[in-house]
Amino acid sequence: MEVSIRQLRSNDLQYLEKMHTGIENDYILRVYDRISSGSSRMYGLFIDEHLASIGGYTIFAEQYVMLGRMRSDLRYRGNNLSTQLMRYIMKQISTLSTIQWIGANTQQNNISARRVMDKLGLTAISTLYSAISSDTSILESDGKLWRKVNDLSKKKAWIKKLYIQTGAVFPYECYYAFPASEKLFPEEKLVQWSIFENPQQDRILITKQDYKREYYLHVVYPWDDLLKQAGLWETISMAQQELSIKVNTPPFIWIDLSPSQVHSLPNNHPFELPSPWLLYGTGQPIE
């Protein structure tokens, strides 16, 4: 039995299509060209001529690597193939001079993936629920809309205070959160993102457009007082309506919630709350 590992190219899709992963309508097959080129790479572990395990990574903001897309053929499971493959991938990443943080995001109920993360020496650093809803009006309380912050220097000041100085985990995109550094917040991103400030000027709300097969208003709010800030949910609904006009379709609201934020929600909250995501990583990025 000959075992080999190599980077997968565009013409290797045929091998993926022959794998027996037990996953119906696997999104990896649909987006294979995108996740195997550009800032992303895919690798395969072959047993003889059969693709037995796959995995890969994507680079974000020049210095962050997110591992993922692990799949193994059911006929070869139980042989630690994913661990062997991901160790190889991490060695490849170690040759990239700009990378300062390596991590992975997996759901809490994905026990097999969590075992691989442990074997790779990665540590769970945060837990976030991907709370998704098409309509959050039930949480509104007739509060006044928050004021939009247009001054770039004030946006930078808020981001520096909340994230850069603390290294707190920031939801950079839907599914992808990272411990904060200046690299996550280039000016062009801050110009695109909307930041709203409450009347007391001690809270902000960040909203941004994202697309993951559907359009989302990606909401970031790092405090636990989700239901105590008048106008918060009215402002979120307003931002959702504005995005709906822009993309010509009703977007979903996606807000990444900590366990304490989830516990603060009422019993009749409007969110879908699948198994939370555990962010694993090598630690803080080096500045």
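Buried means under 20% relative accessible area, exposed means over 50%, and partly exposed lies in between, with a 1.4 Å probe and protein chains only. Keep those words at hand for this tour of a predicted model, in which local features need pLDDT of at least 70, side-chain atom pairs count only at pLDDT 80 or more, and totals for chains, interfaces and linings use all residues. Residues are numbered from 1 along each chain as its sequence is written, and side-chain values use heavy atoms, with hydrogens and water left out.

**Stop 1: the hairpin of E8 and E9**

Start by selecting Glu173, which is partly exposed with a relative accessible area of 23%. Now widen the selection to strand E8 (residues 169-173), which is joined to E9 by 4 bridges, the two running antiparallel. Strands here are DSSP runs of E with at least two residues, helices are runs of H or I with at least four residues, and both are numbered from the N terminus. Two strands pair if DSSP finds at least two bridges between them.

Show Pro171 next, and look across to its bridge partner in E9, Ala177. The hairpin of E8 and E9 has 2 residues between the strands, and Tyr175 takes a positive phi near 80° there.

Which residues of E9 point which way? From strand E9 (residues 176-179), Tyr176 and Phe178 point to one side while Ala177 and Pro179 point the other way, and all are buried.

Before leaving, pick Phe170, also in strand E8. Phe170 has a relative accessible area of 0% and is buried. Draw a C-alpha to C-alpha distance from Phe170 to Ala180: the two are 5.8 Å apart in space and 10 residues apart in sequence.

**Stop 2: salt bridges**

A salt bridge is a side-chain nitrogen of Lys or Arg within 4 Å of a carboxyl oxygen of Asp or Glu. How many salt bridges does the structure hold? There are 10 salt bridges in the structure.

Return to Glu173 and add Lys212; these two form a salt bridge whose closest N and O atoms are 3.3 Å apart. The pair links distant parts of the chain, with Glu173 in strand E8 and Lys212 in the loop between strand E11 (204-211) and strand E12 (215-220), 39 residues apart. Add Asp210 to the view as well: Lys212 forms a salt bridge with Asp210, and the closest N and O atoms there are 2.9 Å apart. Asp210 is buried, at a relative accessible area of 10%.

Next, select Lys154 and Glu197, a salt bridge with its closest N and O atoms 3.1 Å apart. Lys154 belongs to helix H6 (residues 152-164) and Glu197 to strand E10 (residues 194-197), so the pair ties together parts that are 43 residues apart in sequence. Are the two partners buried or exposed? Lys154 counts as partly exposed at 28% relative accessibility, whereas Glu197 counts as buried at 2%.

**Stop 3: strand E14**

Move to strand E14 (residues 277-281), where 5 of the 5 residues are buried, so the strand is largely enclosed by the rest of the structure. Trp277, Leu279 and Gly281 point one way, Leu278 and Tyr280 the other.

Now bring in the strands that pair with E14. Strand E5 (residues 101-107) pairs with E14 in the antiparallel sense over 5 bridges, and Thr106 stands opposite Leu278. Strand E6 (residues 123-133) also pairs with E14 in the antiparallel sense over 5 bridges, with Thr123 opposite Gly281.

**Stop 4: two loop residues with positive phi**

Select Glu62 in the loop between strand E3 (50-60) and strand E4 (64-72). Glu62 is not a glycine, yet has a positive phi of about 70°, and counts as exposed at 53% relative accessibility.

Then go to Asp142, in the loop between E6 and strand E7 (147-149). Asp142 has a positive phi of about 60°, although it is not a glycine either. At 79% relative accessibility, Asp142 counts as exposed.

**Stop 5: a positive patch**

Finish by selecting Arg87, Lys91, Arg115 and Lys119, which gather in a patch of positive charge on the surface. Patches are made of residues with over 30% relative accessible area and no salt bridge; like charges are joined within 9 Å, and nonpolar side chains (Val, Leu, Ile, Met, Phe, Trp, Tyr) within 5 Å. Helix H4 (81-93) and helix H5 (111-119) each supply at least two residues of the positive patch. Lys91, in helix H4, is exposed with a relative accessible area of 60%.

Terms used
Areas by Shrake-Rupley, 256 points an atom, 1.4 Å probe, with all protein chains shown as cover. Lys, Arg positive; Asp, Glu negative; His and termini not counted. Charge placed at Lys NZ, Arg CZ, Asp CG, Glu CD.
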